[in-house]
Amino acid sequence: MREYKAFINNEFIDNGEWLEIINPTTLKPAGKVTALKSEDINQAYQAARTAQTTWSALPLLKRIEYVNNFKKELLKNKEELATIMSEEVAKGYKEALGEVERTAEIIDYTIEEVKRLDPLAMTGEGMGATNKIGIFSRVPKGVVCAISPFNYPVNLAIAKIAPALLTGNTVVFKPATAGSLCGAFFAKLALAAAFPKGIFNVVTGRGREIGDLITANPEIDMISFTGSVGVGNQLRKNASTTDLVLELGGKDPALVLDNLQLEKYATEIIAGAFGYSGQRCTAIKRVLVSDAIADQLVPILKAKVEALTVGQPQDNANITPVIDEKSADFIQGLIDDAKKQGAKIICGDKRVKNLMWPTLVDGVSVKMRLAWEEPFGPVLPIIRVNSPAEMIKIANESNFGLQASVFCQDLSTAIVVAKQIQTGTVNINGRSQRGPDCFPFLGIKDSGEGVQGIREALLSMTRYQGIVINY
Ligand code: NAP
Ligand code: G3H
């Protein structure tokens, strides 16, 4: 069994308290991590604060060298990390390996992008201030608290840690409990990359027990959080004086406007809905389509859903166990509610503990929870509508606003519809997704606050510092 310790000021912490991490496939322990206490967390922030001045004073190329070394260690250990990820979050091994490789690419791109955070230099001449030149440089905010969710334990963590460190911030990183083995493994990589003391600290423990301590520490200058709406909104309420970037949940709709490429649309919809068993914020979580087109689309979707393999992550099955039995109960509750209210199960609706067969549900109405709530699991509702106007109305009535997809061969119509949809991004003729990672990534309404993506992360973790020369 793996046993990984929290990491503060380049030291592993053993306080004798442990948190067990359950393997979702076997439902047996995959390992354990330190369960930190209040004093350890304060120590992590003190270490980050103390290290920050020296770290930010290093030449950028030196910081890049350290982060690049970390990336090399990540790649050297990619098989090990992918194995840990498969064990602790039941992600298919190949997909897990892909996640680690994608993360290395993000680090490379972030390194290139940080070199372009040039200062803005301007004169005051246009405003009549003929004697002023201003130089506005991007400087680090200070100490960044980075909190990641279970579903991308490597990628969504390092997409916060790398830009923070590169811009001269220091980091206190809290991985999700399911994901802590990966998160704590980063400590080994940080040591191998010879990170200076205190710049990168990993605090482990259950969010509901130590979350407030982690997010309310007075040393925090910025919180970068990815996770559920519930926790995100709590942070909005509590952290009124701290800069926040929140990437939260979604209920991404796919609007199918014509029947000209149904095979292609269905391929995108199925990949979008069932990748990592639907446990993606950007998963397609409802299909809005007219009755006439639905009659043609549903059989194509059904064939594709039935072709998905269901099984174990080590066999690279398309559908693997969802994160725990509590999540499976919640997803089942949404399916049962829809069934009770007259929706039709097209395929799936079978379950063994937390392994859920991919489920396609037709005839979902706006009265059903499945039309509005985020299942975070392998279930796709079809909502039949009477007009494009009704599609847009239902798409926008959601409290979420992450992404949407519009499937339509007439680009002008697609753009007109896309412009009316209230989400951070609308994908025309493609599934919703965060990547390519150089794109800005944002949610509106309950789906988030602020923007991620490579350049935007660098901007959000820095602020302007102006120096004005009067002559
Ligand atoms: P979650 O339960 O909100 O957990 C996210 C992180 O917050 C974990 O590290 C968790 O630690 C921590 N946490 C829990 N309670 C906390 C508290 N009171 N204060 C501070 N931190 C706390 O979310 P999840 O189940 O891991 O992830 C699934 C959700 O995340 C879905 O809603 C999904 O849509 C969303 N998500 C959004 C994006 C996006 O980019 N928009 C990306 C991925 C996931 P513990 O695990 O120890 O509780
Ligand atoms: O789960 C949320 C992730 O940000 C989604 O990323 O679209 O690359 O799967 P993805």
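**Exercise 1. Place Pro253 and describe its surroundings.**

Pro253 sits in strand β13 (residues 252-256). Strands here are DSSP runs of E with at least two residues, helices are runs of H or I with at least four, and both are numbered from the N terminus. The model is predicted: local features need pLDDT of at least 70, side-chain atom pairs count only at pLDDT 80 or more, and totals for chains, interfaces and linings use all residues. Residues are numbered from 1 along each chain as its sequence is written, chains are lettered from A and ligands numbered from 1 in the order in which they are written, and side-chain values use heavy atoms, with hydrogens and water left out.

Step 1: take the accessibility. Pro253 counts as buried because its relative accessibility is 2%. Buried means under 20% relative accessible area, exposed over 50%, partly exposed in between (1.4 Å probe, protein chains only).

Step 2: list the contacts, meaning heavy atoms within 4.5 Å. Leaving aside neighbours within four places in sequence, Pro253 touches Arg286, Leu288, Ala395, Gln403, Ala404 and Ser405.

Step 3: compare with Pro59. The two prolines are 194 residues apart in sequence, and their C-alpha atoms are 46 Å apart in space.

**Exercise 2. Check the length of helix α1, then find its bend.**

Step 1: work out the expected span, which is 1.5 Å times one less than the number of residues. Helix α1 (residues 38-57) has 20 residues, so 28 Å is expected; the end C-alpha atoms are 30 Å apart, which agrees.

Step 2: look for a bend (the angle between axes fitted to the seven residues ending at a residue and the seven starting there). α1 bends by about 40° at Ala51.

Step 3: pick out the buried positions. Among them are Ile41, Ala44, Tyr45, Ala48, Ala51, Gln52 and Trp55. An α-helix has 3.6 residues a turn, so residues three or four places apart point the same way.

**Exercise 3. Describe the site of ligand 2, and place Asn155.**

Step 1: collect the residues around ligand 2 (a heavy atom within 4 Å). They are Arg102, Asn151, Tyr152, Arg280, Cys281, Thr282, Gln433, Arg434 and Phe441.

Step 2: find polar contacts (N or O atoms within 3.5 Å; within protein, one must be able to donate a hydrogen and the other to accept it, and residues adjacent in sequence count only if both atoms are side-chain atoms). A polar side-chain atom of Arg280 is 2.6 Å from a ligand 2 oxygen. For Arg434, a backbone N or O atom lies 2.7 Å from an oxygen of ligand 2. The protein covers 96% of the 310 Å² of accessible area that ligand 2 has on its own. Areas come from the Shrake-Rupley method with a 1.4 Å probe; for residues, only the protein chains shown count as cover.

Step 3: turn to Asn155, in helix α5 (residues 155-166). Asn155 is buried, because its relative accessible area is 0%. Beyond neighbours within four places in sequence, its contacts include Arg102 and Arg434.

**Exercise 4. Describe the site of ligand 1.**

Step 1: count the surroundings. Ligand 1 has 29 residues around it, the closest being Thr177, Gly207, Ser228, Leu248 and Glu374.

Step 2: list polar contacts to its oxygen atoms. A backbone N or O atom of Gly207 is 2.7 Å from one. Alone, ligand 1 exposes 910 Å², and the protein buries 87% of that.

**Exercise 5. Find the unusual backbone angles.**

Step 1: find the cis bond. The peptide bond from Gly435 to Pro436 is cis, with omega near -5°.

Step 2: find positive phi outside glycine. Asn9 has phi near 55°, and Phe376 has about 55°.
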